[in-house]
Structure formats: C-alpha cells, structure tokens
Amino acid sequence: MRIELRVFATLTKYRPDLAGGEPLKIEVPDGSTVEDVLAGIGVPTREVKVVMVNGQQADLRWPLRDGDRVGAFPPVAGG
C-alpha cells in the first residue's frame, strides 16, 4: 500500500533529503503501523510526541491503510 509521510521540526534531521513538512510517498506492507513506518525510515519513535493520520490524532500503533497521510511531530516547547 502507498502512504504519504511528513516529519516536522527536529525529526527532519533523520531525513535531511526532505524539507520540513515535505511529503515522502512510500510503499509499505499491508498491516504496517505508524511505528513500523517511522522505524523503517530511521526516525526513532522515542522522539515522536504527536502523530496525525488523515488529520486525526493517532498513536504509534495506529494501523495504516492505503492512501493514509501521516504526520509526525517531536515534543514542542515554547512560551
């Protein structure tokens, strides 16, 4: 199945070939979870705080389906 993945902020250091928020369109095996996909592209899941799938908050165990759009964000601090 084909999904679209975006990583943001400090997570982009694991994919220097992509600008922040630029989509990575990838083929993944049926039954893959968000965690499987992130680990597969070299993003340590311990550094992921927020996951969105198709605009809805999800978790790392979220089962993906063909055409899903996934966004991964690190913890954010601010003032």
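Here are some worked exercises on the predicted model shown above.

**Exercise 1. Salt bridges**

Task: Find how many salt bridges the structure holds, then work out which one involves glutamate 27 and where its partner sits.

Solution:
- Step 1. Start with the total: there are four salt bridges in the structure.
- Step 2. Pick out glutamate 27, whose side chain meets that of arginine 2 at 3.6 Å, N to O.
- Step 3. Place the two residues on the chain. Glutamate 27 belongs to strand S2 and arginine 2 to strand S1 (residues 2-7), so this pair, 25 residues apart, links distant parts of the chain.
- Step 4. Check accessibility. Glutamate 27 is exposed, because its relative accessibility is 56% and the exposed class begins over 50%. Arginine 2, at 40%, counts as partly exposed.

**Exercise 2. Two further bridges**

Task: For glutamate 4 and arginine 6, and for aspartate 17 and arginine 15, give the N to O distance. Then decide for glutamate 4, arginine 6 and arginine 15 whether each is buried or partly exposed.

Solution:
- Step 1. Glutamate 4 and arginine 6 join their side chains in a salt bridge of 2.6 Å, N to O.
- Step 2. In the bridge between aspartate 17 and arginine 15, the closest N and O atoms are 2.7 Å apart.
- Step 3. Apply the cut-off for buried, which is under 20% relative accessible area. Glutamate 4 has 16% and therefore counts as buried. Arginine 15, at 17%, is buried too. Arginine 6, with 27%, is partly exposed.

**Exercise 3. The aromatic pair**

Task: Identify the rings of the one aromatic pair and say whether the pair is stacked or edge-to-face.

Solution:
- Step 1. The structure has one aromatic pair. Its rings are those of phenylalanine 8 and phenylalanine 73, with centres 4.4 Å apart.
- Step 2. The planes meet at 5°, and planes under 30 degrees apart count as stacked, so this pair is stacked.
- Step 3. Locate the partners: phenylalanine 8 is in the loop between S1 and S2, while phenylalanine 73 is in strand S5 (residues 69-73), 65 residues apart.
- Step 4. Phenylalanine 8 is partly exposed at 23%, and phenylalanine 73 is partly exposed at 27%.

**Exercise 4. Core and contacts**

Task: Describe the largest nonpolar core, then examine the surroundings of leucine 38 and valine 48.

Solution:
- Step 1. The largest nonpolar core has 21 residues, and Leu38, Leu64 and Val70 have the most contacts inside it.
- Step 2. At least two residues of this core come from each of S1, S2, H1, strand S3 (50-53) and S5.
- Step 3. Beyond four places in sequence, leucine 38 touches residues including Leu5, Val7, Val48 and Ala72.
- Step 4. Turn to valine 48, in the loop between H1 and S3. Its relative accessibility of 13% means valine 48 counts as buried.
- Step 5. With neighbours up to four places away set aside, the contacts of valine 48 include Leu11, Leu38, Leu60 and Phe73. The C-alpha atoms of valine 48 and leucine 11 are 7.8 Å apart, although 37 residues separate the two in sequence.

**Exercise 5. A loop threonine**

Task: Is threonine 33 buried or exposed, and which residues does it touch?

Solution:
- Step 1. Threonine 33 lies in the loop between strand S2 (24-27) and helix H1 (34-40).
- Step 2. Threonine 33 is buried because its relative accessibility is 15%.
- Step 3. Leaving out residues up to four places away in sequence, threonine 33 touches Leu60, Arg61, Trp62, Pro63 and Leu64.

Methods. Residues numbered from 1 in each chain as written. Predicted model: local features only at pLDDT ≥ 70, side-chain atom pairs only at ≥ 80, totals over all residues. Heavy atoms only, no water. Helix = DSSP H or I, 4+ residues; strand = E, 2+ residues; numbered from the N terminus. Buried < 20%, exposed > 50% of the residue type's maximum accessible area, 1.4 Å probe, protein only. Contact = heavy atoms within 4.5 Å. Phe/Tyr/Trp six-rings, centres within 6.5 Å; stacked < 30°, edge-to-face > 60°. Core = buried A, V, L, I, M, F, W, Y, C linked by side-chain atoms within 4.5 Å.
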